[in-house]
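Welcome! Here is a short tour for anyone meeting this structure for the first time.

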Amino acid sequence: YARNGLSYLAFACESGVGANQALRQAVAYCIDVQALCDEFLQGNGAPVYGYYGNGQWMAAQQQDALKQLNVYGKDLEKARALIQQAGYAADSNGKFVNLSFKLAVPAENAAAQALIAQLQESFDSLGVGLEVTELPMDELLKHLYRQTERTYDMFFLGSNFDYIFDPYYTFHTDDAYQGVANFTGLKDTRLMALAQKLRETPQGRQDLYKKRWLEFQ
């Protein structure tokens, strides 16, 4: 079935390496998402290219348009260039030994293990450090929602969307919404404005909602 949700790698964007967009993009270029789907889901899953699930009606009706988004595939040369863009210098062996990420994953999760294996292989090629911690889900969520001091740069988990898709508070830039609402800590005023525009779509204007949803993605 087409899921009304997705699995994803969330960054802690408020500080540390997760605060740098170029580094977040570099990590994306370290992952072969199609290979993850093939390995873990055995053909019963498909990549997504934004903040949506293929079971959402607006995604189902705009599959061709979604494939025109910036689709990240494994490309270590692009990852290397982005790390350098972020200000990290490689050593004489071409390794970024001064760069490392801390990743939190759910304990005993097969999908997480497949992701870790991919990241470790790519990071080893780049000379980037990776420290993985397996946590019980309740503990992982405390860190994700900043109910305790965050000590991780990335989190792997899955989520389903509400039937009424309204990401406005998820990407709200005000401090009052940081935590359970805006759990990534990303403060992007343009993204928040696009989410606000989406939620202000007049009732009954599905065509306009689809257009604004695609702009948001």
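Let us begin with Arg146, which counts as partly exposed because its relative accessibility is 27%. Please keep in mind that this is a predicted model. From Arg146 we move on to another residue with a positive phi, then to the core, the cysteines, a buried charge and two further stops.

**Positive phi outside glycine**

- Arg146 is not a glycine, yet its phi is positive, at about 60 degrees.
- You can find Arg146 in the loop that runs between helix 7 and strand 4.
- Gln42 is not a glycine either, and its phi is positive at about 50 degrees.
- Gln42 sits in the loop between helix 2 and helix 3 (57-60).
- With a relative accessible area of 60%, Gln42 is exposed, because the cut-off for that label is over 50%.

**The two ends of helix 2**

- At the N-terminal end of helix 2 (residues 33-41), Asp32 acts as a cap: one of its side-chain oxygens lies 3.3 Å from the backbone nitrogen of Gln34.
- After helix 2 comes Gln42, the residue with the positive phi near 50 degrees.

**The nonpolar core**

- The largest nonpolar core has 61 residues, and those with the most contacts inside it include Val27, Phe101 and Trp213.
- Helix 6 (residues 110-126) gives the most to this core, contributing 8 residues.
- Leaving aside residues up to four places away in sequence, Val27 touches Leu9, Phe11, Phe101, Leu119, Phe123 and Met154.

**Cysteines**

- How many disulfides does the structure hold? The count is 0.
- Cys30 is in no disulfide, and the nearest cysteine sulfur, in Cys13, is 16 Å away.
- Cys30 is also buried, with a relative accessible area of 2%.
- Why is there no bond for Cys37? The closest cysteine sulfur, in Cys30, is 17 Å from the sulfur of Cys37, so the gap is too far for a bond.
- Cys37 counts as buried because its relative accessibility is 8%, and the label applies to values under 20%.

**A buried charge in helix 1**

- Arg24 is found in helix 1 (residues 21-28).
- Although buried, Arg24 has no salt bridge: Asp188, the nearest side chain of opposite charge, is 6.5 Å away.
- What does Arg24 touch, not counting residues up to four places away in sequence? Its contacts are Phe11, Cys13, Gly18, Ala19 and Leu186.

**Gly158 in strand 4**

- Gly158 has its place in strand 4 (residues 154-160).
- Gly158 counts as partly exposed, at 38% relative accessibility.
- Not counting residues up to four places away in sequence, Gly158 touches Arg3, Leu6, Ser7 and Tyr8.
- Gly158 and Met58 are 100 residues apart along the chain, and 20 Å separates their C-alpha atoms.

**Asp138 in helix 7**

- Asp138 is placed in helix 7 (residues 137-144).
- Is Asp138 buried or exposed? Asp138 counts as exposed because its relative accessibility is 51%, and the label needs a value over 50%.
- The C-alpha atoms of Asp138 and Asn4 are separated by 22 Å, with their positions 134 residues apart along the chain.

How values were computed: Residues are numbered from 1 along each chain as its sequence is written. This is a predicted model: local features need pLDDT of at least 70, side-chain atom pairs count only at pLDDT 80 or more; totals for chains, interfaces and linings use all residues. Side-chain values use heavy atoms; hydrogens and water are left out. A nonpolar core is a set of buried Ala, Val, Leu, Ile, Met, Phe, Trp, Tyr and Cys residues joined through side-chain atoms within 4.5 Å. Buried means under 20% relative accessible area, exposed over 50%, partly exposed in between (1.4 Å probe, protein chains only). Helices (H or I, at least four residues) and strands (E, at least two) are DSSP runs, numbered from the N terminus. Contact means heavy atoms within 4.5 Å. A polar contact is a pair of N or O atoms within 3.5 Å; within protein, one must be able to donate a hydrogen and the other to accept it, and residues adjacent in sequence count only if both atoms are side-chain atoms. A disulfide is a pair of cysteine sulfur atoms within 2.5 Å. Lys and Arg count as positive and Asp and Glu as negative; His and the chain ends are not counted. A salt bridge is a side-chain nitrogen of Lys or Arg within 4 Å of a carboxyl oxygen of Asp or Glu.
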